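This report covers charged side-chain pairs and a nonpolar surface patch. Please keep the sequence and the structure at hand while reading.

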Amino acid sequence: MDKYQFLIGLAVLTFATGLAGVVIRRNLMVVVMCVEVMLNSVVLAFVVFAARSGTLEGAAMAFFLYIAAACEIAVAMAIVVMLVERRGSLDIAADPELKG
Amino acid sequence: MISDVLIAVFAVMAFAFALLVVVLRQPMRAALALIAHMVCLAAIFACLEVHVVALFQVLIYVGAVMVFMVYAIMLLDDRDASYTQVFSRWSLPAVIAVGVLVVALGAILLPWTPAVPATRGTSPFSFPAFSVEFMKHYWFHFEVASILLVVGVVAAWAVIAERR
């Protein structure tokens, strides 16, 4: 196993860790953070592919992912603030309108 | 060789901090663990000589996104049921499902044998080289991304307007 395969394994593990956090945590802010962990693992995979192949595409994709992450966090934080002001709690279970 | 050792060290730290994000009780501590996770990833990118992405990782993620998130936590941090009961009742099925996902993804991705990179004189990931090549090939995508950012700002404003 070379370092690139090792880092792809790390990306898989961190993606799974973030996904587990999204499913099992009850705190809304921590759920958003776990989504960020998943997004970071995707960036890691793109960068590893770019570094191994020596091409620009993976790094450019990582750049666009950062833009998507910035938009995502702006909207997510606005929604979190709205939900907390409406329900008075960061607990996901406190909001019956949220499905799943 | 030193970079390989550093990559291994930072990889272990990145995974440990990702685990801490999931298990820590207080959102502020989880946010600090997430910042450490992102810094470790930036160090890995630097060890891979993809300096431009390492720079973006620190500037955009740690410098902007996480500052925003920490500010929101400080604004909202109140003690509620999610502090006393940290995990949902779906924890065990979720962990089993995620374990299956890890095995499946590992089986797909780890046998990957990448193509040998073309010989190149200078690194395409230094800031000047990346900037020139990026704007040569991705200028249109860059403009579309700026529109996406504006849409994100408008969407956040619309959510806040809905609240009022």
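Which side chain meets that of B:Lys136 in a salt bridge? The partner is B:Glu133, with 3.5 Å from N to O. The model is a predicted one.

## The pair within a helix of chain B

B:Lys136 and B:Glu133 both belong to helix H6 of chain B, which covers residues 127-137. They are separated by about one helical turn, because they are three residues apart in that helix.

The two side chains fall into separate accessibility classes. B:Lys136 has a relative accessibility of 53% and counts as exposed, since the exposed class begins over 50%. B:Glu133 has a relative accessible area of 28% and is partly exposed.

## The pair between chains

Over all chains, a search of the whole structure gives three salt bridges. One of them is formed by A:Lys3 and B:Asp4, whose closest N and O atoms are 3.6 Å apart. This pair crosses between chains: A:Lys3 is in helix H1 of chain A (residues 3-24), and B:Asp4 is in helix H1 of chain B (residues 2-23).

Both partners are partly exposed, A:Lys3 with a relative accessible area of 25% and B:Asp4 at 33% relative accessibility. Neither value puts its residue in the buried class, because buried means under 20%.

## The buried pair in chain A

A:Arg26 and A:Asp91 also meet through their side chains in a salt bridge, at 2.6 Å from N to O. A:Arg26 sits in the loop between H1 and helix H2 (28-53) of chain A, while A:Asp91 sits in the segment after helix H3 (57-87) of chain A, so the pair ties together parts that are 65 residues apart in sequence.

Are these two residues buried or exposed? A:Arg26 is buried, and A:Asp91 is buried as well.

## The nonpolar patch on chain B

Five residues of chain B, namely B:Met135, B:Trp139, B:Phe140, B:Phe142 and B:Val144, make a nonpolar surface patch of about 490 Å². Which helix gives the most to this patch? Helix H7 of chain B (residues 139-163) does, with four residues.

B:Val144 is a patch member that lies in helix H7 of chain B. At 40% relative accessibility B:Val144 counts as partly exposed. That value qualifies B:Val144 for a patch on the accessibility criterion, because patch residues need over 30% relative accessible area.

Definitions and conventions
Residues are numbered from 1 along each chain as its sequence is written. Chains are lettered from A and ligands numbered from 1 in the order in which they are written. This is a predicted model: local features need pLDDT of at least 70, side-chain atom pairs count only at pLDDT 80 or more; totals for chains, interfaces and linings use all residues. Side-chain values use heavy atoms; hydrogens and water are left out. A salt bridge is a side-chain nitrogen of Lys or Arg within 4 Å of a carboxyl oxygen of Asp or Glu. Helices (H or I, at least four residues) and strands (E, at least two) are DSSP runs, numbered from the N terminus. Buried means under 20% relative accessible area, exposed over 50%, partly exposed in between (1.4 Å probe, protein chains only). Patches are made of residues with over 30% relative accessible area and no salt bridge: like charges are joined within 9 Å, nonpolar side chains (Val, Leu, Ile, Met, Phe, Trp, Tyr) within 5 Å. Accessible areas come from the Shrake-Rupley method with a 1.4 Å probe; for residues, only the protein chains shown count as cover.
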